[in-house]
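Subject: Structure handover

Hello,

Please find the structure below. My notes on helix packing, the cores and one strand residue follow it.

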Amino acid sequence: MNQYEWKRRWKFILLAFALVIAGASLWYTEYLVRNISIAERTRAELWAKSTRNIIAMPDVNDEYITFIYSLRDSLAVPAIVVDSADNIITWLGLDSTKTNFDLDSTKKYDPKYFRRQLKEMKSQHPQPIILDLNTINNEKWYVYYRDSVLLTQLKVFPYIQLSVIAIFLLVAYGVFSSAKRLEQDQVWVGLAKETAHQLGTPISSLMAWTELLKSRFNVPDDPLILEMENDVKRLERVADRFSKIGSKPILHNHVVFEVVEEFVNYFKVRVSDKIEFILTGDEHVEALINVPLFDWVIENILKNAVNAIEGSGIIKIDIRENLVKEQVFIDISDTGAGIPRLKFEAVFQPGYTTRKRGWGLGLSLTKRIIENYHQGTVFVKESELGKGTTFRIVLNSNMTYVPTTS
Ligand SMILES: Nc1ncnc2c1ncn2[C@@H]1O[C@H](COP(=O)(O)OP(=O)(O)O)[C@@H](O)[C@H]1O
Ligand SMILES: [Mg+2]
């Protein structure tokens, strides 16, 4: 399993785990809420029953009544008692003064407030507790009640808790992944610089040696030495690329067509001649380019195209200017295996590869060079499995280029 797959799998496992934790904690509080809710209903019923019994009780002394009242009320949840015409008879636990049957007492009575409360209670628990008063005209009272503050809090608390944890985790993830990115940048840059530096000395010696060979044996046109020189030049190109990665590159205006053409000519003799290269489009448009790095980009994309083509195929490069936005489009199409739509983004991730001996670094380097060093973009424009793929590079042309009519 490569690194990309590994990362993806772990992301999936962690996400699943987080969902299980969240689900379990919500389920558990739901269970608590259900049980407390049942208990509160029982308490409301108890309150209602004892209320009825108190009413039915023969007169006893006041002290005893007060005791019964306070015992009863200490058990109950906020409630309102109405008669069959929905008139409010009494209430419980709705304001600071103690409950009283007597509406004429000192207790302040704000009808609007109680109506609102009643409505809320009815919506929370539509089934009232019915108090049969056993009076002559068969009067019944109805007790509506509301969840206690505790229960209400318990209902919302897990959501608040989980949101806070989620926000915390997101922030932590953001901080850590940007720290990681900084670290990666340092490694890329450091390694590239070091490589360029280490290659530098032997390359310049090799160049001197070839010159020396030519003059020592007086064979300035010997094909072996020319081949050797070519390889040394390639090495130099490689070292140059690495040194460019390690420092801020300088961009110059270049005719895109010429830069691409030159590289394609260099490249196509090195791959199977069953692959045909076609270069079309605007031959004059310029863009801001750092040639050694840009060549690397084209090389990565062309190499992938070659890898995607089994046997014979065509690689087409088309260069167009988008005059409105001062951009240059470079579309590189192949007739290869294609990329599944779901992987259009993933191919640019470091470590993503489908090749046995691939490292999955080519396109991630490509993206880096285009985005960080050229302020451009690169993406899979289209692809169809078995048919082929088109990558698009967008560069800035900030040149006022007037197309010639000739
Ligand atoms: N032109 C293409 N056609 C089909 N698949 C492609 C093409 N270019 C890239 N890919 C896919 O993207 C993957 C990553 O490419 P790259 O980053 O260059 O790494 P590598 O070439 O080492 O696999 C490839 O393994 C391949 O699956
Ligand atoms: Mg590659």
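Let me start with one helix pair. H1 and H4 cross in a right-handed sense. Bear in mind throughout that this is a predicted model.

The residues on the H1 side of this contact are Lys11, Ala22, Ser25, Leu26, Thr29, Leu32, Val33, Ile36, Ser37 and Glu40. H4 contributes Leu151, Leu154, Lys155, Pro158, Tyr159, Leu162 and Tyr173. By class, the H1–H4 contact holds 11 nonpolar, 3 polar and 3 charged residues.

Now the geometry. H1 covers residues 3–56 and H4 covers residues 149–217. Their axes are 8 Å apart, and the packing angle is about 165°. Angles over 145 degrees count as roughly antiparallel, so H1 and H4 are roughly antiparallel to each other.

The second pair is H6 and H7. Helix H6 spans residues 256–268, and helix H7 spans residues 291–308. The axes of H6 and H7 come within 10 Å and cross at roughly 50°. H6 is therefore oblique to H7. This crossing, too, is right-handed.

On H6, the contact uses Val259, Val260, Phe263, Val264 and Phe267. On H7, it uses Val291, Phe294, Asp295, Ile298, Glu299, Leu302, Lys303 and Val306. The H6–H7 contact counts 10 nonpolar and 3 charged residues, with no polar ones.

Next, the cores. The largest nonpolar core has 50 residues. Which of its members touch the most others? They are Phe294, Leu302, Ile315, Ile330, Ile332 and Ile393. H7 supplies the largest share of this core, with 9 residues. Another core, of 14 residues, lies apart from it. Ala79, Ile129, Leu131 and Val143 are among the members of that second core.

Leu302 deserves a look of its own. Setting aside neighbours within four places in sequence, Leu302 contacts Phe263, Val264, Phe267, Phe277, Ile315, Ile317 and Ile332. Among these, Phe263, Val264 and Phe267 belong to the H6 side of the H6–H7 contact. Ile315 and Ile332 appear in the list of core residues that touch the most other members.

Last, a strand residue. Asn322 sits in strand S8, residues 313–322. Is Asn322 buried or exposed? Its relative accessibility is 18%, so Asn322 counts as buried; the cut-off is under 20%. Beyond residues up to four places away in sequence, Asn322 touches Gln327 and Phe329.

Best wishes

Definitions and conventions:
Residues are numbered from 1 along each chain as its sequence is written. Chains are lettered from A and ligands numbered from 1 in the order in which they are written. This is a predicted model: local features need pLDDT of at least 70, side-chain atom pairs count only at pLDDT 80 or more; totals for chains, interfaces and linings use all residues. Side-chain values use heavy atoms; hydrogens and water are left out. A nonpolar core is a set of buried Ala, Val, Leu, Ile, Met, Phe, Trp, Tyr and Cys residues joined through side-chain atoms within 4.5 Å. Buried means under 20% relative accessible area, exposed over 50%, partly exposed in between (1.4 Å probe, protein chains only). Helices (H or I, at least four residues) and strands (E, at least two) are DSSP runs, numbered from the N terminus. Contact means heavy atoms within 4.5 Å. Axes are lines fitted to C-alpha atoms, for helices over the stretch in contact, and angles run from 0 to 180 degrees between N-to-C directions. Angles under 35 degrees count as roughly parallel, over 145 as roughly antiparallel, 65 to 115 as roughly perpendicular and the rest as oblique. A crossing is left-handed if the near helix is turned anticlockwise from the far one by less than a right angle, and right-handed if clockwise. Ala, Val, Leu, Ile, Met, Phe, Trp, Tyr, Cys and Pro count as nonpolar, Asp, Glu, Lys and Arg as charged, and the others, Gly among them, as polar.
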